[in-house]
2 protein chains.
Amino acid sequence: MNIGDAAKASGVSAKMIRYYESTGLIPAPGRTGAGYRVYSDSDVQMLRFIRRSRDLGFPVERIAELLALWRDRSRHSADVKRLAQDQIDGLERKIAEMQAMKETLQHLADACCGDHRPDCPILADLGNGPSLLRIMHR
Amino acid sequence: MNIGDAAKASGVSAKMIRYYESTGLIPAPGRTGAGYRVYSDSDVQMLRFIRRSRDLGFPVERIAELLALWRDRSRHSADVKRLAQDQIDGLERKIAEMQAMKETLQHLADACCGDHRPDCPILADLGNGPSLLRIMHR
DNA sequence: GCTTGACCTTACCATCATGGGAAGGCCTAT
DNA sequence: ATAGGCCTTCCCATGATGGTAAGGTCAAGC
C-alpha cells in the first residue's frame, strides 16, 4: 500500500505520516525499489490509533506513550488511565480558562449598546482600569 | 521610559513589545541617542490594551482592528460589539469541541479499571472500531 | 514506444505567539 | 575603571499542520 492509500484508509494525511516518521513517532516503513513507502494493514491500524488520539486532543508526545502502552502486552491499565485522566484534567483547565474569557466578554458585550454611537464599554474596559476579568474573579 | 519599564508597567514582555513593533501592530517609538526605545505613558496604555485583549483570547490580528476602533473617535460601537461577539462565538465553538473530547475520554476512563491488569477499554477504543466519539455524537 | 496524468520523493517556507540565547553596546554606581 | 544591569539585533525553537516546487515513477491509452 502506498502512502496515499494509507492516508485515505487511516484519515492521517500523507504529509503527517511522513512527519510522524521523521519525528520517530512511527517506525520507517519499507520502500519499493523506486523509494516509495510501503504500508501494511497493521501500519494503517497504528495510524488510525494516532488519528483517534489526536481527535481526543492528546499531544503527539503523549501519543508516543499511548502507543508504547498499546504495544506492551504486559502494561498496567492504571498507566493508561493516568494518561487519560491527565488529558481530561488539561482539557478541563483549558475549558475553564476559555469559559472565563467568554463570560467576561459576554458581560462587556451585553453592556454595549452596539449602535452608531462611539461610546463602548468594551473599549473602555480594554483601555482602562484593572480589567473586569480580575474584578469578576476576585 | 525604557522598554523594560514599559514591559513592567504594561504586563507585556520586552520581547513581545519588539515583536508587536516589528509586525506593525504598534508604531515604532522614539529612540535615545544610543538607540534605546523610549515609551510614553500613552504607549504603556496601548500596551495594556493589547495585553487585556490577549487575555480575552483575541488573536493579534483582531487586536489590530480593536486598536483602530479604539483610536477612532467616530467609531460605531456596533463594530466593536461585532468583534466581541465573533470572539465569543469562536470561544464557544472551541469550548464545545473540548467538552466533547473530555466527555468521550471520561466515558472511556470510567470504563477502565485502572489496576495492574493490561485490559483497557481506552486502548481498545483507540485501536479499534469507529471511535466512541462518533458513536456518542450520532 | 510515447505521452499524459496521477502519484511519489525531498526540501523548504509559513503559520501564531512566545521564549531563549548569543554577541555586543550603553549607563550608572561604586 | 570596573561590575552588573540594562539595551540592541539576529537567529533558533516551539507544535501540528498545510503549501509549494522540482523532480522521479508508474499505469493506462494511443
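This passage walks through the protein dimer and its contacts with two DNA strands.

The model is predicted, with local features needing pLDDT of at least 70 and side-chain atom pairs counting only at pLDDT 80 or more, while totals for chains, interfaces and linings use all residues. Residues are numbered from 1 along each chain as its sequence is written, and chains are lettered from A, ligands numbered from 1, in the order in which they are written.

Chain A first. The domain assignment (automatic or from a database) splits chain A into domain 1, residues 3–58, and domain 2, residues 78–136. The centres of these two domains, taken over C-alpha atoms, sit 38 Å apart. UniProt has its own labels here; its positions follow the numbering used here, its feature names are shortened, and its annotations may be inferred rather than shown by experiment. An unreviewed UniProt entry lists "domain: HTH merR-type" at residues 1–69 of chain A. That span is 62% helix and 6% strand, and its end C-alpha atoms are 26 Å apart. Helices and strands are DSSP runs numbered from the N terminus (H or I over at least four residues for a helix, E over at least two for a strand). UniProt, again from an unreviewed entry, puts a "coiled-coil region" at residues 81–111 of chain A. In the model this stretch is 100% helix and 0% strand, with 45 Å between its end C-alpha atoms.

Next comes the way the two chains pair up. In all, 50 residues of chain A are in contact with 50 residues of chain B, where contact means C-beta atoms, placed from the backbone, within 7 Å. On the chain A side, α3 (41–55), α4 (60–71), α5 (77–111) and α6 (121–127) each give two or more residues. Of these, α5(A) gives the most, with 21 residues. Sorted by class, the chain A side has 24 nonpolar, 15 polar and 11 charged residues; Ala, Val, Leu, Ile, Met, Phe, Trp, Tyr, Cys and Pro count as nonpolar, Asp, Glu, Lys and Arg as charged, and the others, Gly among them, as polar.

As for symmetry, chain A superposes on chain B through a rotation of 180° with 0.0 Å of shift along the axis, at an RMSD of 0.1 Å. This is the relation of a two-fold axis. The fit is by least squares on the C-alpha atoms of residues with pLDDT of at least 70 in both copies. A:Ile95 is the chain A residue closest to the rotation axis, its C-alpha at 2.8 Å. The copies meet through the same surface, because 100% of the interface residues of chain A are also interface residues in chain B. A:Ile95 turns up again among the contacts of B:Met98, which touches A:Gly57, A:Leu91, A:Lys94 and A:Ile95, leaving aside residues up to four places away in sequence. B:Met98 itself lies in helix α5 (residues 77–111) of chain B. With 17 other C-beta atoms within 10 Å, B:Met98 is partly exposed; on this scale 20 or more means buried, 12 or fewer exposed, and anything in between partly exposed, with C-beta atoms placed from the backbone.

Now for the DNA. A residue counts as near a strand if its C-beta atom, placed from the backbone, lies within 6 Å of it. DNA strand C has 20 residues around it, and A:Asn2, A:Gly4, A:Arg37, B:Ala34 and B:Pro59 come nearest. The surface near strand C draws at least two residues from each of α1 (3–10) and α2 (14–23) of chain A and α2 (14–23) and α4 (60–71) of chain B. Its residues divide into eight nonpolar, six polar and six charged. Around DNA strand D there are 19 residues, with A:Ala34, A:Pro59, B:Asn2, B:Gly4 and B:Arg37 coming nearest. Here α2 of chain A, along with α1 (3–10) and α2 of chain B, each supply at least two residues. The tally near strand D is eight nonpolar, six polar and five charged.

A few single residues round things off. B:Asn2 sits in the segment before α1 of chain B and is exposed, with 12 other C-beta atoms within 10 Å. The C-alpha atoms of B:Asn2 and B:Pro59 are 26 Å apart, with their positions 57 residues apart along the chain. A:Pro29 is in the loop between α2 and β1 (30–31) of chain A, and its 16 C-beta neighbours inside 10 Å make it partly exposed. A:Pro29 touches A:Arg37, A:Val38, A:Tyr39 and A:Asp43, not counting residues up to four places away in sequence. A:Asp125, in helix α6 of chain A, counts as buried, with 23 C-beta neighbours inside 10 Å.
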